[in-house]
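I opened a fresh page for this one and went looking for confidence, fold, core and ligand shells. My notes follow in the order I ended up liking best.

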Amino acid sequence: MTKFVGAIKRFFCRADDVCKKVEVFCKLKVVFGIQSFKEALNRFFENLTVNFKKIIQKIKDLFIKSIDIFEKFVVDSLEKIRVFLNKQLDSAKLKVNKNPYYKTIKDKQLKDGIKAIKLNHVPVCNAPYTTMNFDVSGHVTACCYSRDYVLGNFYETSLNDIWFNNPKREKLLENTNKFILNTDACYLCERYIKYQNNNILITMYKKQCTPNLDKYPIRMDFEFSNICNYECVMCGGKWSSSIRKNREKMPPLKIPVNDNFIEELEEYIPHLKFAGFLGGEPFLSNHYFKIWEKMAELNKDVEISIVTNGSIYNEKVQKVLDSFKNLIICVSLDSLKPDVYSSIRRNGNLENVLNNIRIFKEQGKLCWINTCAMIQNIYEAPELLEFCHKNDVGITFLPVDDALGGTVKGIHENGENEGVSNGSCRELMETPCDEIIPEFRLKTLPKSELENILKMVENIEEEKKDIYKQNLKDSISALKHQVMGYIEEKK
Ligand SMILES: C[S@@+](CC[C@H](N)C(=O)[O-])C[C@H]1O[C@@H](n2cnc3c(N)ncnc32)[C@H](O)[C@@H]1O
Ligand code: SF4
């Protein structure tokens, strides 16, 4: 009986349960308006699609959000890097500005230097990357100013060992990359930057050569021959065989060229874009004529520049002029007055030189005049500028601080030697000489005289500003800064 009652109860509970479920289903039907199971199934799949779309939308939203977060992260990081780099740059600028030599720099050099630091790929000077300079001591240097920083001796060492994998050259490259100029190598450019002389070598190398890493040099400057017919007052025996013999009374220098030199050059010549020839008097050097011959054979397109005293013109010279279509000549001309010319450029004859200048000009080869700015000729600056204007050539006023190599008693005020030039061989710089040349000095002129010179230069600048071409304007401005530099030194 009890079992029967239990079974009835369970039946009714289940029935109750079923009824409740039916009731729930009916309610659902009411809520969702479901008419049949088929429709419920459809509805179910419909809902599934809607939900799936929602999920996809959510994933999309999430994705977009993470892209936003990622973008923000990248922008923030870049900003942090920018702030970091700017701080580095500021501290570098500070370092540069703290150096007294840079206090006066306002122009392009500083900007170039800062750019060099910023990009860390643009060196402040291109010379160590591009150039080999050969001098009369057998020294190879990066340029004609860095004579105290010898990369090797071409009489003793192969050109390959001097140029490739040379720790001294690598150190120089490192310094130029970091805009370090106050070194044994680059102090002269640093000094001219101080005087705001735009003709400093850095500018010239920037204009002419772009850095080429781990490659052959693209420029070579030859000044290893001191054969010269002149005995200019501001020059020395290291540059002029005649001064060495007659003023310094010393035995001739041995030209440091071994039998292999020209052969070694053969590998290098095809890579050259520029070749400069100085001396001595280039048109008196047999070695130079041999090099020109090789160049004409292996690289006719090389740009050749020759700095000459202008005294030599003959068939051999004409053959060289004819061999290269890109050949330019710079004549050193220190005065247009015959007596002043011969007193500076001893053994020289102005008429002969002016005649040769005309010949070079007629052939389109004359491109520049070099003038050593000294007390003897500085008041002639307006005439020299006018001469260059008429001949449509530029002029560079070279600062004369000391005699070029050798020491000459009397070229400094009070007849005292006070240090010598940056000649690369010390033994030659000690050369004694008793000749007195008291009229030489520019640097130790009294301040009042320098101020007169400055006024004169400023007048030219003002009067001719609308007439002269840019290269003449630049020359005047460089000369002005040079004189101002000397005045500054006298304070
Ligand atoms: C040494 S010379 C060699 C080339 C050639 N003999 C000539 O006189 O043109 C090269 C240049 O150096 C210049 N020079 C000579 N003595 C100088 C000095 N003490 N300071 C600066 N430049 C000087 C010359 O006027 C010339 O323009
Ligand atoms: S400046 Fe030139 S021309 Fe004059 S002595 Fe020196 S090397 Fe010769």
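**Ligand 2.** For the shells I counted a residue as near a molecule if its C-beta atom, placed from the backbone, lies within 6 Å of it. This is a predicted model, so I kept that in mind throughout. Around ligand 2 I found Cys228, Tyr230, Glu231, Cys232, Cys235, Trp239, Ser240, Ile243, Gly279, Gly280, Glu281 and Asn309. Sorted by class, that shell holds six nonpolar, four polar and two charged residues.

**Ligand 1.** Next I asked myself which residues come nearest to ligand 1. Of the 19 around ligand 1, they are Met234, Asn309, Ser332, Asn370 and Leu398. I then looked up the elements behind this shell: β6 (303–308) and β8 (366–373) are the ones that give two or more residues. The class split for ligand 1 is twelve nonpolar, six polar and one charged. I noted that Asn309 turns up in the list for ligand 2 and among the nearest to ligand 1.

**Fold.** I counted 18 helices and nine strands in the chain. The nine strands make an open sheet of mixed pairing, ordered β3-β2-β1-β4-β5-β6-β7-β8-β9. At the edges sit β3 (152–153) and β9 (394–399), each paired on one side only. I zoomed in on β2 (residues 139–141), which runs antiparallel to β3 and is joined to β3 by two bridges. One detail for the record: His139 has Asn153 in β3 as its bridge partner. On contacts between residues at least 6 apart in sequence, 70% join residues at least 24 apart.

**Core.** Of the 491 residues, 37% count as buried. The largest nonpolar core has 88 residues, and Cys189, Val331 and Leu479 touch the most other members. Helix α18 (residues 470–490) contributes the most to this core, six residues. I followed Val331 further: beyond its neighbours within four places in sequence, Val331 contacts Thr308, Gly310, Val353, Ile357, Leu366 and Ile369.

**Confidence.** How much of the chain scores at least 70 in pLDDT? I get 69% of the residues, with a chain average of 79. By element, helix α12 (residues 315–323) has the highest mean, 98, and helix α16 (residues 426–429) the lowest, 40. Residues 93–106 are below 50, with 15 contacts in the model beyond near neighbours in sequence. Residues 406–434 are also below 50, and that stretch has 76 such contacts. A reminder to myself: where pLDDT is low, the predicted coordinates should not be read in detail.

Technical notes
Residues are numbered from 1 along each chain as its sequence is written. Chains are lettered from A and ligands numbered from 1 in the order in which they are written. This is a predicted model: local features need pLDDT of at least 70, side-chain atom pairs count only at pLDDT 80 or more; totals for chains, interfaces and linings use all residues. A nonpolar core is a set of buried Ala, Val, Leu, Ile, Met, Phe, Trp, Tyr and Cys residues joined through C-beta atoms within 7 Å. A residue is buried if 20 or more other C-beta atoms lie within 10 Å of its own, exposed if 12 or fewer, and partly exposed in between; C-beta atoms are placed from the backbone. Helices (H or I, at least four residues) and strands (E, at least two) are DSSP runs, numbered from the N terminus. Two residues are in contact if their C-beta atoms, placed from the backbone, lie within 7 Å. Ala, Val, Leu, Ile, Met, Phe, Trp, Tyr, Cys and Pro count as nonpolar, Asp, Glu, Lys and Arg as charged, and the others, Gly among them, as polar. pLDDT is the predictor's confidence in each residue, from 0 to 100. Two strands pair if DSSP finds at least two bridges between them.
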